[in-house]
Amino acid sequence: SKLYVQPTIIGIDQSAAVVRKEAFVPILYTMKFKTIEEAIQLNNNVEEGLSAAMFSKNIPNIMKWTGPTGADTGIANVNIPTNGAEIGGAFGGEKATGGGRESGSDSWKQYMRRQSTTINDGTALPLA
């Protein structure tokens, strides 16, 4: 079908269109960086902020990624792909994708920055 995209893994540059705009397709893109600070800057230098993932065993880097100056996303995963959220966790994004958590009983929380974080400290990659 013309509307189907094959699951794809690609290494790309931060100027690629798929990095600049959310694409709800099965594409995993990888980018090279030298420091965790550079990785956070690359991640946060986009308009949207629904979810992001990093794969690392470095605990200080994980804490930087998930901390208040880390990934500016509604969902930040570590050692887990960005294919969903923890059941019962807040679902929604930051920046241009930040409208999804501001209704109903959670309306007061719109004045806070919230983020659902999942860290896989095991050796296997669980499937959602």
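In what sense do strand E5 and E7 pair, and over how many bridges? In this predicted model, strand E5, which covers residues 75–78, pairs with E7 in the parallel sense, and four bridges connect the two.

## Overall architecture

The protein has three helices and seven strands, and when the elements are read from the N terminus on, their order is β-α-β-α-β-β-α-β-β-β. Of its 128 residues, 29% count as buried. Among contacts between residues at least 6 apart in sequence, 56% join residues at least 24 apart.

## Strands E4, E5 and E7

Strand E5 pairs with E7, as stated above, and E5 is also joined to E4 by four bridges, again with the two strands running parallel. Ile75 takes part in both pairings, since its bridge partner in E7 is Ser116, while Ile75 is itself the partner in E5 of Ser51. One further bridge between E4 and E5 links Ala52 with Ala76.

The side chains of these strands can be described by the face to which they point. In E5, Ile75 and Asn77 point one way and Ala76 and Val78 the other way, and all of them are buried. Along E4 the side chains alternate, with Ala52 and Met54 pointing to one face and buried, whereas Ser51 and Ala53 point to the other face and are not buried. Strand E7, residues 116–119, also has alternating side chains: Ser116 and Thr118 are buried on one face, while Thr117 and Ile119 point to the other and are not buried. The bridge partners Ile75 and Ser116 are therefore both buried under the 20% limit on relative accessible area, as given for Ile75 in E5 and for Ser116 in E7.

## Helix H2 and the residue after it

In H2, which spans residues 36–44, the buried residues are Ile36, Ala39, Ile40 and Leu42. Seen down the axis of H2, these buried residues fall within an arc of 160 degrees, so they line one face of the helix. They pack against E4 and H3.

Val46 is found in the loop between H2 and E3, and its relative accessible area of 16% makes it buried. Leaving aside neighbours within four places in sequence, Val46 is in contact with Val19, Arg20 and Lys95. The C-alpha atoms of Val46 and Gln14 are separated by 9.7 Å, with these positions 32 residues apart along the chain counted as their separation.

## The largest pocket

About 1500 Å³ of space lies in the largest pocket, and 44 residues line it, of which Tyr29, Ser51, Ala52, Ala53 and Thr82 lie nearest its centre. By class, the lining has 27 nonpolar, 12 polar and five charged residues.

Several elements each supply at least two residues of this lining, namely helix H1 (17–20), strand E2 (27–30), helix H2 (36–44), strand E3 (48–49), strand E4 (51–54) and helix H3 (59–66). Among the contributors, H2 gives the most, with five residues.

## Ala53 and its surroundings

Ala53, one of the residues nearest the centre of the largest pocket, has its place in strand E4. Its relative accessibility of 28% means that Ala53 counts as partly exposed, and its side chain points to the face of E4 that it shares with Ser51.

When residues up to four places away in sequence are not counted, Ala53 touches Trp65, Asn77, Ile80, Pro81 and Thr82. Of these, Thr82 is also listed among the residues nearest the centre of the largest pocket, and Asn77 is a buried residue of E5. The C-alpha atoms of Ala53 and Ala76 are separated by 5.8 Å, although the two residues lie 23 residues apart along the chain.

## The loop residue Asn79

Asn79 has its place in the loop between E5 and strand E6 (94–95). With a relative accessibility of 9%, Asn79 counts as buried. Its phi is near 60 degrees, which is a positive value in a residue other than glycine.

Notes: Residues are numbered from 1 along each chain as its sequence is written. This is a predicted model: local features need pLDDT of at least 70, side-chain atom pairs count only at pLDDT 80 or more; totals for chains, interfaces and linings use all residues. Side-chain values use heavy atoms; hydrogens and water are left out. On a 1 Å grid over the protein atoms alone, a cavity is a set of points where a 1.4 Å probe fits but cannot get out, and a pocket is an open set with protein on both sides within 12 Å along at least five of seven lines; lining residues have an atom within 4 Å of a point. Grid points are joined across faces, edges and corners, and a volume is the space filled by probe spheres set on the points. Ala, Val, Leu, Ile, Met, Phe, Trp, Tyr, Cys and Pro count as nonpolar, Asp, Glu, Lys and Arg as charged, and the others, Gly among them, as polar. Buried means under 20% relative accessible area, exposed over 50%, partly exposed in between (1.4 Å probe, protein chains only). Two strands pair if DSSP finds at least two bridges between them. The arc is that of the directions from the helix axis to the C-beta atoms. Contact means heavy atoms within 4.5 Å.
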